[in-house]
Amino acid sequence: MKKKHFIAPALALGLIGGAIAVPSAIFADSDAVSTSANTSTTATQAPATTPTGDHVITPQATDGQIVDRPVAGFNDSADFDIKGGYGYVRLYLKNTGNTTISFTVNQGSVSGAEKYSGTVKPGKTFDEILNSSKAWSSGKFYVSLSSGSGSMSGKLGVRTSTNTNF
């Protein structure tokens, strides 16, 4: 008889213990759950149009071609591609050095047709759309950088977009 009394309370404790364990698994510590949520991922999607009332909103699409590329030495160059429909180009050049940086953007090759040129003084940043009046054709483009009097230091970035709102 004593065994039956012992089994019943043990069974009841097991059920209660099991019921307690399940909610603790469901309500896990938020740090453990959010760890993977903090991981950054990039998703790409073709631009879509969304009708709203009597007009259509067409979201812009951008394509990061050169992202925070370090600039160093007396001469440097980097290339980027303009995909079909992404003909607007934004160039970012931050000069953290002590000498002026000259830059040119050429189409097809480093010595190809010049599309844009400019300079960035020490401690300054150039961040502009190069062709806001007309989209450039698709293809490969080159950014050439140079400084005549000292080594360059800074960051270069290029993005392309389907329109000028970027």
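Biologist: Why is N106 called buried?

Modeller: Its relative accessible area is 5%, and buried means under 20%, with exposed over 50% and partly exposed in between (1.4 Å probe, protein chains only); N106 therefore counts as buried. This is a predicted model, in which local features need pLDDT of at least 70 and side-chain atom pairs count only at pLDDT 80 or more, while totals for chains, interfaces and linings use all residues. Residues are numbered from 1 along each chain as its sequence is written, and side-chain values use heavy atoms, with hydrogens and water left out.

Biologist: What makes the approach of N106 to G112 a polar contact?

Modeller: The side chain of N106 reaches the backbone oxygen of G112 at 2.9 Å. A polar contact is a pair of N or O atoms within 3.5 Å, where within protein one must be able to donate a hydrogen and the other to accept it, and residues adjacent in sequence count only if both atoms are side-chain atoms. N106 is found in strand β6. Leaving aside residues up to four places away in sequence, N106 touches several others, including K140, F141 and Y142 (contact means heavy atoms within 4.5 Å).

Biologist: What counts as a strand here, and how many are there?

Modeller: Strands (E, at least two residues) and helices (H or I, at least four) are DSSP runs numbered from the N terminus. The protein chain has 10 strands and two helices. Buried residues make up 27% of its 166 residues.

Biologist: How many aromatic pairs are there, and why is the one of F80 and F141 called stacked?

Modeller: A search of the whole structure finds five aromatic pairs. The ring centres of F80 and F141 are 5.7 Å apart and their planes stand at 20°. Rings of Phe, Tyr and Trp (its six-membered ring) pair if their centres lie within 6.5 Å, and planes under 30 degrees apart count as stacked, over 60 as edge-to-face and the rest as tilted, so this pair is stacked. F80 lies in strand β4 (residues 75-82) and F141 in strand β9 (residues 139-146), so the pair ties together parts 61 residues apart in sequence. Both F80 and F141 are buried.

Biologist: Why is the pair of Y116 and F126 called tilted?

Modeller: The centres are 6.1 Å apart and the planes are at 55°, so the pair is tilted. Y116 belongs to strand β7 (residues 113-120) and F126 to strand β8 (residues 125-129). F126 is buried, at 11% relative accessible area, whereas Y116, at 22%, counts as partly exposed.

Biologist: How do you know that R90 lies over the face of F166?

Modeller: R90 is at 5.3 Å from the ring centre. A charge sits over a ring if NZ of Lys or CZ of Arg is within 6 Å of the ring centre and within 35 degrees of the ring normal.

Biologist: What makes β4 and β7 edge strands?

Modeller: Four strands form an open sheet, in the order β4-β9-β6-β7, with antiparallel pairing. β4 and β7 each have a single partner strand, so one side of each is left without a neighbour in the sheet.

Biologist: How do you know that β6 and β9 pair?

Modeller: Two strands pair if DSSP finds at least two bridges between them. Strand β6 (residues 101-107) and β9 have six bridges, in the antiparallel sense. One of the bridge partners in β9 is S146, opposite S102.
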